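Open the model in your viewer and keep the selection box handy. We'll hop from stop to stop, picking residues as we go.

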Amino acid sequence: MADAQPGRARSVVPEGIDPITFEVLSNAFTAVVDEMGVMLEKVSFSTVTTIGKDYTCALATPLGDVFSRGKGGVPLIGGTVTHRVKGIVAHIPADEIDEGDVFLHNDPFIGGTHGQDVSAVMPVFWEGELIAFVHAASHWPDTGGAVPGSFNSEATSTHGESIMIPPLHIIREGVWDREIERFILRNVRIPRVIQGDLRGMVEAVRTGREQFLALVEKYGRDLVVLEMEALMDYAERLLRNEWSRLPDGTYSFTDHIDRDPGSRSPDPIPVGLDVTIAGDRATFDFSRSGPQARGPVNCARSATQSGVMTGVRNLFPHIPHNDGIYRAIDWVIPEGRVISAAYPAPVSGHAANSAEKIISCCHGCFIQAIPERAMACPTSLVNISVHGFDERPDRGGEYVMYIWLAGGWGGRPGKRDNHTALMPLAAGTSLQPAETLEREYPVMFEAWGLKPDSEGAGLHRGGFGLECPFHVTHGHASINTQGDRGTVPGWGYAGGGSPVGNRLVYAPGTPDEQDVGVMRAGFPVEPRTRLDYWQGGGGGFGPAWERPVEWVLDDVRSGLVSLGRARDVYGVEVRLVDEALLVLEVDEAETARLRAALRAAAEGRR
């Protein structure tokens, strides 16, 4: 039987489930996970979770295989859920997993990402049988360690980053372990906020358990368990179908982390990926990646696999987000590399460094085979934590503000241009509004908008970066940054240009001006002193001088591309005819001359 649609495999519906019930239960599982996320947002205290949505929820089998991740959540955390749950199963004896238990852990080397992403996991029993696990994880704005926010760019050990919580009971048969809770809260800087986020996770898994059991009650244990496995089989078959549609061969790409902040060497660290397609099988080989770093730009194996899952989901969004994707991939991840760090390597910067490069490499490989689905280099993350004591009369107390921005996604031939959006690794999150941050913390944002001339130029340009200059209003503060693309720019493809990178500048335009950089710990900040913060754009696709003139003119009219950039990069001479009415026109003769010169220069470089 032929596929009904290109790129779609026929349904995998095992005996015992009719197609309609298969879809109904699939959507019911999604609804359970999404309802867990709603509960997590409602109960938690931090703006990171309640508004930023830096969390993930999921449903897993008794073995830890994830069969539903819902519609929301952070993809990079979501891809590690299977490793997190399996870590709990491996470390908690089966006879100590009981009705009403809730387990907690954040260990990056037992299936996690970095210490700030904390998991709560609850078993689901039906008539005495363990039939599933429900999982909720959220990024806590502080988990202890040497610096506020736990993003320690100077760490050379994970013990300098965060308190480590191995798999343990936070609730045993319905009873809270107050000693464990007190221990955790004593080791963080903002215990009231962290306690709220902990309670939010617990209420989320309790919600998931209740709603999942309601489905078992309605449809029966056997049908629900059959559906759990069928969903993973379906995702695997869909992805194998996609592999079989690609030309056999090996597609290679290398991206680079700026440097190892724990080393004196300024050399960038390579992250190399070779994807080999053979029929309906795909092997992802990271053997060309650089060695484990001394500084916190590493990621553990679980985060590497999650990065690949995130990249694959970017390419094939119709495939359900479950562990069937893992079954359709063969892995080569050598030990001792920046993408397979071993305990106790520092990993707090994994998302902004190694994991982000893994997603970039996925696009770099597949843009060679299916450019209409892939994109040039997307924006990368900069983690920023601001710490101080709120001296406002109606507030007071210690605070940790964790913020991130959006930036441009890479150009692609499948559409005119790409957007400014959240990073692919965190596409389920939201920006925290300036108004909310100003109410919660002693800060003031001076602007919040697209950064002109920050895109990777091209026939199909990348999206623009985002900038939000701000200052602390009351009291002294310090700032910690963990990011990348400060020195090694994002990449364009097929002649497309690189975008503007990430940057944080203190006191710009004054004698005190300093480039804080994207890897800094404990930088002191005076009140009412401006910080220029921006996240970069996306890479371009195709030569900029081939971009239609009217598209360039649209960007100039929008204030996103300057007259100088239109001329020098795109080869389009735009003149301001009437400054009062902002009337612009294109000088066609000069444009033709400029574009011929740009084309000749590019051919001369080949």
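A salt bridge, for this tour, is a side-chain nitrogen of Lys or Arg within 4 Å of a carboxyl oxygen of Asp or Glu. One thing to keep in mind: you're looking at a predicted model. By this rule, the model holds 36 salt bridges.

**Stop 1: a buried pair**

Select Lys-357 and Asp-484. Their side chains form a salt bridge, with 2.5 Å from N to O. Lys-357 belongs to helix α10 (residues 354-366), while Asp-484 sits in the loop between β20 (477-483) and β21 (503-506), so this pair ties together parts that are 127 residues apart in sequence. Are these two buried or exposed? Both Lys-357 and Asp-484 are buried.

**Stop 2: a helix and a loop**

Next, select Lys-86 and Asp-65. Here's another salt bridge between side chains, this time at 3.0 Å, N to O. Again, the pair links distant parts of the chain: Lys-86 is in helix α4 (residues 81-91) and Asp-65 is in the loop between β1 (55-60) and β2 (66-68), 21 residues apart. Try showing the surface here. Lys-86 counts as partly exposed because its relative accessibility is 35%. Asp-65 comes out at 16%, so it counts as buried, given that buried means under 20%.

**Stop 3: a network**

Now pick Arg-547 and Asp-555. Their side chains meet in a salt bridge of 3.2 Å, N to O. With a relative accessible area of 0%, Arg-547 is buried. Asp-555 is buried too, at 5% relative accessibility. Which residues join these two in a network? Add Arg-416, Asp-417, Arg-461 and Asp-554 to your selection: together with Arg-547 and Asp-555, they are linked in a network of salt bridges.

**Stop 4: a hairpin**

Switch to a cartoon view and select residues 574-586. Strand β25 (residues 574-578) and strand β26 (residues 583-586) pair in the antiparallel sense, over 4 bridges. Look for Asp-578, which stands opposite Val-583 in β26. The two strands, β25 and β26, form a hairpin with 4 residues between them. In the turn, click on Leu-582, which has a positive phi of about 55°.

**Stop 5: the largest pocket**

Select Gly-70, Arg-313, Ile-319, Pro-320 and His-321. Of the 32 residues that line the largest pocket, these lie nearest its centre. How much space lies in this pocket? About 650 Å³. To see where the lining comes from, colour α1 (19-43), β2, α3 (75-78), α7 (221-245) and α8 (301-315), since each supplies at least two lining residues. Helix α1 gives the most, with 5 residues. Colour the lining by residue type and you'll get 12 nonpolar, 15 polar and 5 charged residues.

**Stop 6: the second largest pocket**

This pocket holds about 430 Å³ of space. It is lined by 22 residues, and the closest to its centre are Arg-192, Val-193, Glu-398, Glu-440 and Tyr-441, so select those. Then highlight α2 (47-50), α6 (191-219), β13 (398-403) and α11 (434-440), the elements that give two or more residues to the lining. By type, the lining of this second largest pocket divides into 9 nonpolar, 6 polar and 7 charged residues.

Note on methods: Residues are numbered from 1 along each chain as its sequence is written. This is a predicted model: local features need pLDDT of at least 70, side-chain atom pairs count only at pLDDT 80 or more; totals for chains, interfaces and linings use all residues. Side-chain values use heavy atoms; hydrogens and water are left out. Buried means under 20% relative accessible area, exposed over 50%, partly exposed in between (1.4 Å probe, protein chains only). Two strands pair if DSSP finds at least two bridges between them. On a 1 Å grid over the protein atoms alone, a cavity is a set of points where a 1.4 Å probe fits but cannot get out, and a pocket is an open set with protein on both sides within 12 Å along at least five of seven lines; lining residues have an atom within 4 Å of a point. Grid points are joined across faces, edges and corners, and a volume is the space filled by probe spheres set on the points. Ala, Val, Leu, Ile, Met, Phe, Trp, Tyr, Cys and Pro count as nonpolar, Asp, Glu, Lys and Arg as charged, and the others, Gly among them, as polar.
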